[in-house]
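Morning, everyone. I have one structure to go through today, so please look at the screen.

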Amino acid sequence: MSELSVRPLDADSWPAFAALVEANNGVWGGCWCVGFHLKLKGRTAAENRAEKERRAHDGTTHNALVFDGDQCVGWCQFGSPDELPEIKSKRLYDKGLTTLPDWRITCFFTGKGHRGQGVANAALAGALEQIAQYGGGVVEGYPEETDDRKVSGSFLHTGPMAAFELHGFERTRPIAPHRWVVTRTVSPS
């Protein structure tokens, strides 16, 4: 891999994003990275693709896309709670909620052949940089703790704890046996 770069998902980067998703069967059975935007039950992969493309063109989705040259190899999705209302372990999350964050980091994806090469780390760094450009604020993530067990990468779509801790996030509260709410405040750039 050459040096990785990060760009936002928008109309210009949509074709590279779409190529990665198509090469990976729509990602998680056709989610197209809209599963945190809206409920997926009863939706087709084609509907999800159209929804994500519309959002990419009108600026209502935020993904930090990681590129190896001109090829998109992964991403980190982030957005406001209004943009991303569907999170994992929501019942336990809501039970301990005192204040909504300004931003949520909800999902990561790294394409086949690029896993284990720092793509998620670059994506998270890129998301935090973009959040700073949008004015910063309190950022939450919902990573999976993997220290004491072996976990398939496909189960780490909310991100590995180690990546969040590397970027200064602190554990706030558990919301599942191996999932935590982590937070960090990002200053505006």
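I will go through the salt bridges and then one pocket.

Keep in mind that this is a predicted model. Searching the whole structure turns up nine salt bridges. I will take three of them.

Start with Lys-39 and Glu-86, whose side chains form a salt bridge at 3.1 Å, N to O. Which parts of the chain does this pair tie together? Lys-39 sits in the loop between α1 (14–23) and α2 (45–58), and Glu-86 sits in the loop between β3 (71–79) and α3 (90–95), so the bridge links parts that are 47 residues apart in sequence. Lys-39 itself is exposed, with a relative accessible area of 58%.

Next is Arg-54 with Asp-58, where the closest N and O atoms are 2.8 Å apart. Both residues belong to helix α2, and because they are four residues apart there, about one helical turn separates them. Arg-54 is partly exposed at 41% relative accessibility, and Asp-58 is partly exposed at 42%.

The third is Glu-165 with Arg-171, also a salt bridge, at 2.8 Å from N to O. Glu-165 is partly exposed at 36% relative accessible area, and Arg-171 is partly exposed at 33%. Going back to Arg-54 and Asp-58, they belong to one network with Glu-51 and Arg-55, joined by salt bridges that share partners.

Now the pocket. The second largest pocket holds about 300 Å³ of space. It is lined by 14 residues, and those closest to its centre are Cys-31, Gly-35, Phe-36, Leu-40 and Lys-88. By type, the lining has eight nonpolar, two polar and four charged residues.

That is what I have.

Technical notes:
Residues numbered from 1 in each chain as written. Predicted model: local features only at pLDDT ≥ 70, side-chain atom pairs only at ≥ 80, totals over all residues. Heavy atoms only, no water. 1 Å grid on protein atoms, 1.4 Å probe; cavity = no way out; pocket = protein on both sides within 12 Å on 5 of 7 lines; lining within 4 Å. Points joined across faces, edges and corners; volume = space filled by probe spheres on them. Nonpolar A, V, L, I, M, F, W, Y, C, P; charged D, E, K, R; others polar. Salt bridge = Lys/Arg side-chain N within 4 Å of Asp/Glu carboxyl O. Helix = DSSP H or I, 4+ residues; strand = E, 2+ residues; numbered from the N terminus. Buried < 20%, exposed > 50% of the residue type's maximum accessible area, 1.4 Å probe, protein only.
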